Amino acid sequence: MSKSINVRTPSGDYEVLIGSKLLGSYNFKWLVQNRQILIIKDSMVPNEILETLRISLSNSQPMEIKVLEIETNEKTKSFEGLIPIFEVLNANKFNRDCLLIGLGGGITTDMVGFVAASYLRGVDLIQIPTTLLSQVDAAIGGKTGINFAGSKNNIGAFYQPKLVLMDIDCLKSLSKSDFTDGIAEIIKHSLIADKNLFTKLENIFSKNNELSDEDLVQIVYESSLIKAFIVSNDEKEKGDRALLNFGHTYGHAFEAIQSLEGFSHGQAVGLGMICASHLSFLLKKISSDEFEKIKNLIKSAGLPHEIPENFDVNDFIEAMSRDKKILDKKLRFITLRGLGSAEITEDPPEDLVLKSINL
Ligand SMILES: NC(=O)c1ccc[n+]([C@@H]2O[C@H](COP(=O)([O-])OP(=O)(O)OC[C@H]3O[C@@H](n4cnc5c(N)ncnc54)[C@H](O)[C@@H]3O)[C@@H](O)[C@H]2O)c1
C-alpha cells in the first residue's frame with residue numbers, strides 16, 4: 001500500500017512516497033550506493049525505526065553509515081543545535097558526494113535541510129518525516145531553517161530533497177497531541193483547496209477518532225498532494241504559497257500570548273482556523289452553515305474550538321499589532337470563499353477582526 005507524488009520545482013523534482021512498511025522495503029540503491037551517509041535522528045524516534053532504516057540502507061551498498069542523535073525543541077533549532085551535525089560531517093571527512101538523511105519531526109527536517117543546503121554549499125538529502133505535521137507539511141516544499149534571536153525560522157534556505165519517504169508506521173509512537181497537531185494541518189489543506197477531503201475528514205471524525213492505516217495513508221496522501229501542488233507552483237513563496245497560512249495569523253497571536261501558554265502550534269492553528277472562518281463569514285464569503293461545519297470538524301478532531309476563559313483580549317490585540325508592525329503595517333489574513341477555496345484579505349476592518357474571536 002503506497003502512493004507517490006512528484007514534486008516539480010524550478011530547482012529540482014523529487015518523489016514523495018507515502019505508505020506503510022516503506023522504510024523496510026524501499027530500494028535505496030540509486031541514492032545510497034558507494035556514498036557516505038549520515039542519518040540525523042530525533043532522539044524521540046524509536047530505535048526500531050532507525051534499525052529498520054539502517055538495514056535497508058546497508059542492503060544498498062553504502063560506503064559508510066553514521067548516525068547522530070539530536071534532542072529537538074525550538075531552542076535547539078538554532079545555530080548551536082547545528083554545530084554537532086557539522087562537527088560529525090567535518091570530523092569524518094564527509095565529501096560533497098555524501099548523503100544526509102533527516103529522521104524526525106519538522107524541527108529535524110528543517111535543521112537537516114539547512115545543513116544539507118549549506119555543508120560544502122549543498123549535499124544530497126533524503127527527508128524521512130516521523131510526525132504527522134512534518135509528513136503533510138514541513139518535509140514538502142524545501143523550506144529549511146532555524147530560529148535566531150527570538151524569531152522563528154528567520155534564518156534558512158529553500159533547498160529541495162532528492163526523496164521524501166512518509167511511512168505511517170513511524171507515526172505509531174507519536175503522542176496524541178503531536179498527532180492532533182498534524183490533523184490541524186490536514187484540515188487546513190482541505191479548507192483551502194479540497195472540499196472532498198473536507199467531507200472525507202467529516203466522515204472519519206464523525207464516526208470515531210480511530211483512523212485505519214488505509215484512511216491514514218489516504219489523508220496523508222491527499223493532504224501532501226495539496227501542499228506539493230501549491231509549492232510546485234510557488235517554490236519561493238511569492239504568491240499562492242501564502243494560502244498555506246490559513247488560520248496562522250490568529251494562530252501566531254494565540255501562540256504568543258501568555259494567557260494561552262501551553263497551547264501547541266496545532267491547537268493555536270485549530271482555533272485560528274475557526275476565527276479565520278468566522279472572519280470569512282462576517283465578510284460574507286462563507287455561509288453560517290459552512291462556518292458551523294468547520295467548527296464541528298475542528299471540534300470532532302479534538303482541537304480547541306472555543307476561546308478559553310483565561311483569554312486576555314488585550315494581549316491578543318498587542319500580539320496582532322506587533323505582527324502588523326513587522327509586516328509593514330498591513331495584516332494579512334487568509335479567508336475562505338466557500339469550503340475548499342481560499343484567498344488573501346489584506347487589512348480587514350479591525351472591528352470585524354475583534355468580532356471574529358467572539359465565538
Ligand atoms: N519547513 C516547513 O515548511 C515547515 C512547515 C511547518 C512547520 N515547520 C516547522 O516544523 C516544526 C514543527 O514540526 P513537528 O510538529 O513535527 O515538531 P517536532 O519536530 O518538534 O516533533 C514534535 C514532537 O514529536 C517528537 N517525535 C518526532 N517523531 C516522533 C516519533 N516517531 N515518535 C515519537 N515522538 C516523535 C519530537 O521529538 C517532538 O517532541 C516547527 O519548528 C515548525 O517551524 C516547518
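Mentor: Axes here are lines fitted to C-alpha atoms, for helices over the stretch in contact, and angles run from 0 to 180 degrees between N-to-C directions. The model is predicted, so local features need pLDDT of at least 70 and side-chain atom pairs count only at pLDDT 80 or more, while totals for chains, interfaces and linings use all residues. Residues are numbered from 1 along each chain as its sequence is written, and side-chain values use heavy atoms, with hydrogens and water left out.

Trainee: Why is helix 10 called oblique to helix 11?

Mentor: Helix 10 (residues 248-256) and helix 11 (residues 265-282) pack at an angle of about 135°, with their axes 7 Å apart. Angles under 35 degrees count as roughly parallel, over 145 as roughly antiparallel, 65 to 115 as roughly perpendicular and the rest as oblique, and therefore helix 10 is oblique to helix 11.

Trainee: What makes the approach of Asp42 to the ligand a polar contact?

Mentor: A polar contact is a pair of N or O atoms within 3.5 Å (within protein, one must be able to donate a hydrogen and the other to accept it, and residues adjacent in sequence count only if both atoms are side-chain atoms). An N or O atom in the side chain of Asp42 is 2.8 Å from an oxygen atom of the ligand, and for Asp178, again through the side chain, the distance to a ligand oxygen is 3.4 Å, so both pairs meet the cut-off.

Trainee: Which atoms of Ile107 lie 3.0 Å from an oxygen atom of the ligand, backbone or side-chain?

Mentor: For Ile107 it is a backbone N or O atom.

Notes: Helix = DSSP H or I, 4+ residues; strand = E, 2+ residues; numbered from the N terminus.
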